[in-house]
Amino acid sequence: MLEEIRVKMMKRIGQMREFCNIWICDISPMAIKVLQDNTAKSMKCSIKWNSDTGYEVLHGPYRHVVDIQRQICSCRAWMLKGIPCPHAIAALHHRKLDPINYISHWYNKETYMKTYNYFIQPVMNLKMWSESQNISVIPPLVRKMSGRPGKKRKKEQGETSKTGKLSKKGIEMSCSTCHNKGHNKRNCPLGAPASGTSSKPADGPSSRPPSGPTAALTSTQTIVPAAAPTST
């Protein structure tokens, strides 16, 4: 990856230096384009001069103050970009001055060439490099730490724990007995059925009255089986 970045930067420096050779003047073409757009906008401005270096420029519903000597404008575009804004261009035209002379030196050809003054030299292939005579650097030995290794990562400062059960905040509970919301079966006004009992009678053979020979026996009588014969 570093080799690709090196080759790309080497080519870019050469391309940018060749681009500088096609400039029409000593000012960057991008700065000239911005200056031309601001010049077209300055035609819609009206000026009031204080007979010194200050101007009041009315541009639509806004009024801006321009100081040519300090090269500032209340819209701040002239200071931020280094290129005269439409209000400054209107003031410069009123004084019959050329706005191109008030562009910052950062857009000059000389400053541009200083940016790309240094070159990246070509490098041979990695397989053709000469072997280094220095001591090879090896990674440090892995030392086993005492104790059981941790399984959870260290949390950052202010990070909250996200483990455990999900919060039921904002969820309305419902009763499993009466199926109404706002309470559970513990606080149900109908009352929860006792454990081991059923609210409905069971339907089945055990609930029917006994019939047959055992019907005459009461709950206190028991059936005694006959004794088995013994051998002598």
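Two helix axes count as roughly perpendicular when the angle between them is 65 to 115 degrees. In this predicted model, helix α2 (residues 29-42) and helix α4 (residues 86-94) have axes that cross at roughly 70° and come within 8 Å. The two helices, α2 and α4, are therefore roughly perpendicular to each other.

On the side of α2, the contact is formed by L35, N38, T39, K41 and S42; α4 contributes P86, I89, A90 and H93. By character, the residues of this contact between α2 and α4 comprise four nonpolar, four polar and one charged.

The UniProt record, in an unreviewed entry, lists residues 62-96 as "domain: SWIM-type". In the model, the span of residues 62-96 is 40% helix and 23% strand, and its end C-alpha atoms are 24 Å apart.

Confidence in the prediction can be described for the whole protein and for its parts. The protein has an average pLDDT of 81, and 81% of the residues reach a score of at least 70. Among the elements of the protein, the highest mean pLDDT belongs to α2, at 93, and the lowest to strand β1 (residues 46-49), at 88.

Two stretches have pLDDT values under 50, as follows.

| Stretch | pLDDT | Contacts in the model |
|---|---|---|
| residues 197-207 | under 50 | one, beyond four places in sequence |
| residues 213-224 | below 50 | four, beyond near neighbours in sequence |

Key:
Residues are numbered from 1 along each chain as its sequence is written. This is a predicted model: local features need pLDDT of at least 70, side-chain atom pairs count only at pLDDT 80 or more; totals for chains, interfaces and linings use all residues. Side-chain values use heavy atoms; hydrogens and water are left out. Axes are lines fitted to C-alpha atoms, for helices over the stretch in contact, and angles run from 0 to 180 degrees between N-to-C directions. Helices (H or I, at least four residues) and strands (E, at least two) are DSSP runs, numbered from the N terminus. Angles under 35 degrees count as roughly parallel, over 145 as roughly antiparallel, 65 to 115 as roughly perpendicular and the rest as oblique. Contact means heavy atoms within 4.5 Å. Ala, Val, Leu, Ile, Met, Phe, Trp, Tyr, Cys and Pro count as nonpolar, Asp, Glu, Lys and Arg as charged, and the others, Gly among them, as polar. pLDDT is the predictor's confidence in each residue, from 0 to 100. UniProt positions are given in the numbering used here, feature names are shortened, and annotations may be inferred rather than shown by experiment.
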